[in-house]
Amino acid sequence: MTISSERYLFLGVGGMGMAPLAAWMATAGYSINGCDDHLQEHVRAFLVRSGVSLHDFVFPESISRYTKLVYSNAIQEEHPLLVAAREKGLYVVRRGELLAEVATGKRLIAIAGSHGKTTTSGMIAHGIRHCGMDIDYILGGFFNDLLLPASCCSGSRWLVAEIDESDGTIEKISPEITVLLNIDWDHSDFYNTHEMLYGAFADLVARTAGKVFVPANLFPRFKDMTKAEVVSFLPLETPVVASSLGEEFNRINGSAALSVLNFLASEPLCEDVFSSFGGMARRQAILHRDIQLTLIEDYAHHPMEIEALLNGLRSMDPDRRLVVVFQAHRYSRTRQFKDEFARVLRQADQLFLLPIYGAHEPEVDGGRLVDLSRSFIPDTPMVLSMDMEGLYRLANSLEEIPTTLVFVGAGNIDQFASVFTSLIRFGFQIDEAWPSFMAGRISKECILKKDEPLANKTTMRIGGHARFYSEPANLTDLLSLLCGAKLFGLRIFCLGRGSNLLVPDDGFDGLVIRFNAGIWRCIEFLGEGRIWVAAGVRLKEICGFAAKHNLSGFEFLEGIPGSVGGALRMNAGAMNSWMFDIVERVQFIDSEGRMQDLPKEAFHFGYREVEEISQGVALGAVLKSTSSESEQTIRERIQAFSTTRKSSQPREPSGGCAFKNPEGCFAGKLIDEHGIKGMSVGDAEVSKIHGNFIVNRGHATATDVIELIRQIRATIYEKSGYVFEPEILLMGRSWDEVLGPIEKGAGNV
């Protein structure tokens, strides 16, 4: 089968091992598609430049569009796309297995070891580029200069690639050249003992056909293990990167890289080849430096790496106060190394712990944060929450003496470190720090503004400004915005068409997100009566799309002037039908920031409310038609509903129905019966056409509307005993707080 006849789907394409491989294959001519719920903007941009087709939404129903599915270790076996791929008989393969396939026929240079692989591979790639060598590479991370590619496909017979040992796929690799950096025990979730991990590396060495490069201390163990030539190397005399902070591993990594480059080069090279090497992302990155404070972030997550880092910092400036913020990576690794972590971290003058980054693992006994804390007894470190409270506690702990503050870990501690850096630079002024933090984390197409007017974005044409306002261009933008807002303690409000919404006169003191970009206006036919509708799709648009595909049951949506996101949040309804009558499943981001794809039965929905979605962010839904009819019949029914709506609803700006219908009655009927039509406060008026509508006659304010609602409720309660609940959503506020208890006699008809 030729390259062009295969269609690959990379599930988790944004992973540090997945993205460079996907990009290399796309450049080589493979048809590469990718999706990822946690894609970073710089990775997304790199993949797009490389020719990878990215999809924010991929559905099990459409999995047959692909012939092969590639997944990362972060993907759980029960993932719907992985399950669907296996059910449909697709070729399913892990990242390491696919790397072994594409390396077949190549002269593979495998960079292996428990740690240091990404830095060493990056040094080799830098040397290849610096010397103009025609050699391919696939890294397991990114350069600090994010414009430099993490993979290169030039058609060379040689391929330099970082080899992952964590999941056992290392056994598929048969290199011509192997660089083995170290054999420290790690990944206890897969290798129960050090001997098992050592065996995996030993087998790799035994399968090597040409040469094996190892540090001098490992030479005696491997020199007779293979028919290949085993060559030892010593650490370089000086650090190879300015940001390496004198760290010992970079001397070893640099020596390994130089050994490979001299093997490949036509002329001898010296360590000067690394003089312009800018380092790898998240490796000893200096985030901020002034006379008083230096902020550093490092990916170290193994005790050996952490010890080398802290030793380097101490030796560089022994009189400087050293403060460490540590985030353990994975519960299994924490259980394995908690005592070692405690030993090496004790050399910090002050230590803080962040919640453990579990990756895909569930909690395990002995590997929880409390277990790690106990390893430090009696000097138990302070635990920081990953929010503004934790950031303030960290800032307040810093003393007025020269300090190096280092953030250490391989999880999402880099986000915490970046937030802290932005706050320090801008004196904890969030209005300046937050946009600075978001820069580079959102695409150029993403709109981000401060102090944005909202009145013209609602159907009522009323309200103040948003402190921050954004229109994400893709899922990566949205996830970055939500993450940034959570870290900075900003409230979120998701805005669609702005119907059934009242914005207070003083606006919204948080982030308003509007789903206005093309990806959020997407409708896709999935077959078998199903359609996907994204959050920003207007409900009226669904009617026309469904009619073209002869799908009935959606006609009632024509009478609802909103979009999908709001309709899902409120279980919107009209003509005695409700949104969740046609919902099969919903994709949304829950209150904890996790992507969810859940069936209708998983939601608690009722009259004008869906609990789970109201606490999160709706992305879209799969809707299911009740039956199939001719397009003409469906359009006739749509037209009938449209005529009814136009004849019974006001034309002036309004927010739709103002009140929920009380049990056993209709709000509009009660308002009509008790002569409230035409009641007004300022330019806010009860519609003379439909009593349950409050219209804006031109210059109404939110204060006018709120007072009018208060008077209507009081009058209805006094005359009928019914308690009206507002159906209009009050942005950022609770109606109970605003309206207070109903007082008899407060109404004035």
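1. In strand E23, the bridge partner of Ile492 is Leu511, and the partner of Phe468 in that strand is Leu511 too. Helices (H or I, at least four residues) and strands (E, at least two) are DSSP runs, numbered from the N terminus, and two strands are said to pair if DSSP finds at least two bridges between them. Strand E21 (residues 491-495) is joined to E23 by 5 bridges and runs parallel to it, while strand E20 (residues 465-471) is joined to E23 by 4 bridges, again in parallel. E23 itself (residues 508-514) is mostly covered, since 6 of its 7 residues are buried, where buried means under 20% relative accessible area, exposed means over 50%, and partly exposed lies in between (1.4 Å probe, protein chains only).

2. Please keep in mind that this is a predicted model, in which local features need pLDDT of at least 70 and side-chain atom pairs count only at pLDDT 80 or more, whereas totals for chains, interfaces and linings use all residues. Residues are numbered from 1 along each chain as its sequence is written, and side-chain values use heavy atoms, with hydrogens and water left out.

3. An open sheet of 7 strands follows the order E8-E7-E9-E6-E10-E11-E12, with mixed pairing. Its edge strands are E8 (151-152) and E12 (229-233), each of which pairs on one side only. Within this sheet, strand E10 (residues 177-180) and strand E11 (residues 211-215) run parallel and are joined by 3 bridges, and Val179 has Phe213 of E11 as its bridge partner. Helix H6 (residues 194-207) packs on the sheet, touching strand E6 (107-112), E10 and E11, and its direction makes about 150 degrees with that of E10. Here contact means heavy atoms within 4.5 Å, and axes are lines fitted to C-alpha atoms, for helices over the stretch in contact, with angles from 0 to 180 degrees between N-to-C directions. Helix H1 (residues 18-28) lies across strand E7 (136-138), E8 and strand E9 (158-162), and runs at about 145 degrees to E7.

4. Another open sheet has 4 strands in the order E35-E38-E37-E36, and its pairing is antiparallel. Strand E35 (654-657) and strand E36 (680-681) stand at the edges with a single partner strand each, so one side of each is left without a neighbour in the sheet. Strands E37 (residues 684-686) and E38 (residues 693-696) run antiparallel and are joined by 3 bridges, with Val686 standing opposite Ile694 in E38. Helix H22 (residues 702-720) packs on this sheet, where it touches E36, E37 and E38, and its direction makes about 30 degrees with that of E37.

5. Helix H9 offers a simple check of geometry: at 1.5 Å a residue, its 14 residues (303-316) should span 20 Å, and its end C-alpha atoms are indeed 20 Å apart, which agrees. The expected span is 1.5 Å times one less than the number of residues. The buried residues of H9 are Pro303, Glu305, Ile306, Ala308, Leu309, Leu310, Gly312 and Leu313. An α-helix has 3.6 residues a turn, so residues three or four places apart point the same way.

6. Leu526 lies in strand E24 (residues 523-527) and is buried, with a relative accessible area of 13%. Leaving aside residues up to four places away in sequence, Leu526 touches Phe59, Glu61, Ile531, Trp532 and Val622. Leu526 and Pro60 are 466 residues apart in sequence, yet their C-alpha atoms are 9.5 Å apart in space.

7. Some backbone details deserve a second look, and the general background is that most residues other than glycine have a negative phi, and most peptide bonds are trans. A cis peptide bond joins Ile377 and Pro378, with omega about 10 degrees, and Pro378 is placed in the loop between helix H11 (369-374) and strand E17 (382-383). Arg461, in the loop between strand E19 (447-453) and E20, has a positive phi near 60 degrees and is partly exposed, with a relative accessible area of 47%. Asn500, in the loop between E21 and strand E22 (501-502), has a positive phi near 55 degrees but is buried, with a relative accessible area of 12%.
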